[in-house]
Amino acid sequence: MISINSTPKTIIPVTELEQSAFCQTEGNLRTKTLEQEFQSGVRWQKVPTRYLKMTPEQVEAGIRYARKEIGTKAVVLGHHYQRDDVIQFADFRGDSYLLSKEAAAAKEAKWIIFCGVHFMAETADLLSDDDQNVILPNMAAGCSMADMAATDDVEDAWDDLMDVLGEGSDGMAEIIPITYMNSTASIKSLCGRNGGLVCTSSNADAAYDWALERGERILFLPDQHLGRNTGLAKGIPADDMVVWNPFKPMGGLKESEIRDSKVILWQGHCSVHTRFTVRQIEDARRDDPDVNVVVHPECVREVVDAADYYGSTEFIRKTVEGAPAGSSWGIGTEINMVNRLRDDNPDKRIFCLDPVVCPCATMYRIHPAYVLWVLEGIMAGVGINVVQVDSETKRHALVALERMLEVGG
Ligand code: SF4
C-alpha cells in the first residue's frame, strides 16, 4: 500500500477566526461544490482539481459506487456533528469515544475512514489493530480546542508545576494530569507518562475521583469549562480552581496560587459550545415556559447552571429521544446534531438555543468530495491521509486510555 499525507507534517492548526467562517443567518447548511465552499475563507487541504467542480449529486454517486466496490474492507465512522451529506454514508454514528471503540471492533475493515476531526482519528489509531489504517478525509479538520494545548506549552507547564510542587510523597502525587478526550495523542501520552489519565464528558466526574485518590490536585486539559463544571459538581469551590494561561510565564499564576489550588484548568475552550449564553436560555423560557433546556458541559459555567440538564453528546441524544411526545427542548450543542435530533423526533419541539446557525467549522471541512477522494485512493491501492501515531507516543497514550477504562463511567 502506498501511503501519502501521513501525520504529523500535514496537520493544519485551526484559528479562532476560522471557527466562525461557516456561521449563517439562516438554516442553509446545504452542501455546495467544493470550489464554492473554498470561498469561505478557511484553509482547506489541497485536493486534485477534478473534485472541485463535482456537483453534490456526482459526488454522492461516486461515493456509493466506491463503497460498493470496496465493501467491508472499509468502515466509515461519522461523528454526530458531521453534516447530513456525510453522515448518510456512515456505518456507525456516535461521539468520539464511541466511534473509536467501533473502529477497534471492526476487525474486518482494513480501512477506517473517520469523518470527524484529527484527534478522533488519532484515538482510533491508538485503539485499532496494527494492520488497520485510519484515514481522516481532510487533514485541515483539526479541533480548535485540541490545538489550544500545544505539546511544547503543556510540557513547559508541567515542568514549571513540578518545580513548584515537587513529585509528592507517601504514595500521593502533588498533581495528577487529566486530559479530555478532545486533545492530541501527545497530550494523552504526557498524561500516561505522568500518572494521569484521559476522560470523556461522560466520565470526567469519575476521573476526578480517581485522580484525587492518588494526588493532591489536578491539572485539567485542555477545556477549562468541562474542568470547572466537573469540579463544581463535585463540590470543589470555584476559588480552589485556577486557570493556567499558556501565554504568560508560570501560567500567569503565583506560586502560592498553585500550591493552594485543587484544580489547575488549562486555558482552552470549545468555540462552538462557548457561543451559548444565559440570555439565549432566558429567551427560550420566555417564548415557552415549558421548555426543557439541555446543554453540553463544554458550555460556560453560567450556562450550565441555568440549564435544566447538562451532559455529553450521547447524554443529550438519549435524554431528548427518551422524552415524552409533545415536550419542548432547547439544546446547547452543535447545530448539525440538533437539526438531526429534530428531524428524527418529529413528535417533539426541538431547537438550537443559538439563533445563528454556526456548525463546528472543523467538522464541516469533511466535505463529501474529500470522502470520495480517499475512497478512490483506496480503490487505487493508495492510502490518502493516513493518521499514524508514533509507537512511543502510542505506548504512553494507551496507558492513559486504559486508566480511563478502569474508572468506567
Ligand atoms: S465542537 Fe468544539 S471540541 Fe468538538 S471538534 Fe468542534 S471545536 Fe473541537
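Which strands does helix α6 (residues 118–127) lie across? Helices and strands here are DSSP runs, numbered from the N terminus, with H or I over at least four residues for a helix and E over at least two for a strand. Helix α6 lies across β2 (74–79), β4 and β5, and runs at about 150° to β4. The axes behind such angles are lines fitted to C-alpha atoms, for helices over the stretch in contact, and the angles run from 0 to 180 degrees between N-to-C directions. Contact means that the C-beta atoms of two residues, placed from the backbone, lie within 7 Å.

A quick word on what is being looked at: this is a predicted model, where local features need pLDDT of at least 70 and side-chain atom pairs count only at pLDDT 80 or more, while totals for chains, interfaces and linings use all residues. Residues are numbered from 1 along each chain as its sequence is written. The pLDDT is the predictor's confidence in each residue, from 0 to 100. For this protein the mean is 92, and 93% of the residues reach 70 or more. Residues 6–10 fall below 50, and that stretch has six contacts in the model beyond near neighbours in sequence. Where pLDDT is low, the predicted coordinates should not be read in detail.

Back to the strands under α6. They belong to an open sheet of four strands in the order β3-β2-β4-β5, with parallel pairing. Two strands pair if DSSP finds at least two bridges between them. At the edges sit β3 (92–94) and β5 (133–135), each pairing on one side only. Neighbouring strands of the sheet are turned by 25° against each other on average, direction ignored. Between β4 (residues 111–115) and β5 there are three bridges, and the two run parallel; Trp111 stands opposite Asn133 in β5. Helix α17 (residues 368–379) also lies across β2, β4 and β5, running at about 175° to β4.

Another open sheet has five strands, ordered β7-β6-β8-β10-β9, and its pairing is parallel. The edge strands β7 (197–199) and β9 (241–244) each have a single partner strand, so one side of each is left without a neighbour in the sheet. Here neighbouring strands are turned by 30° against each other on average, direction ignored. Strand β6 (residues 173–180) is joined to β8 (residues 215–221) by six bridges, in parallel, and Ile175 stands opposite Arg217 in β8. Helix α8 (residues 151–165) packs on this sheet, touching β6, β8 and β9, with its direction at about 160° to that of β6.

Two backbone details turn up in the loops. Asp170, in the loop between α8 and β6, has a phi near 55°, a positive value in a residue other than glycine. The peptide bond from Leu221 to Pro222 is cis, with omega near -25°, and Pro222 lies in the loop between β8 and α11 (224–233). Most residues other than glycine have a negative phi, and most peptide bonds are trans.

Further along, β11 (residues 292–295) pairs with β13 (residues 328–332) in the parallel sense over four bridges, and Val295 has Gly332 of β13 as its bridge partner. Strand β11 is also joined to β12 (residues 309–310) by two bridges, again parallel, with Val294 opposite Tyr309. Together β11, helix α14 (residues 301–306) and β12 make a right-handed β-α-β unit (with the strands pointing away from the viewer, the path from the first strand over the helix to the second runs clockwise).

Finally, the ligand. It is surrounded by 13 residues, and the closest are Cys143, Met145, Cys270, Val272 and Cys360; a residue counts as near if its C-beta atom, placed from the backbone, lies within 6 Å. The shell has eight nonpolar, four polar and one charged residues, where Ala, Val, Leu, Ile, Met, Phe, Trp, Tyr, Cys and Pro count as nonpolar, Asp, Glu, Lys and Arg as charged, and the others, Gly among them, as polar.
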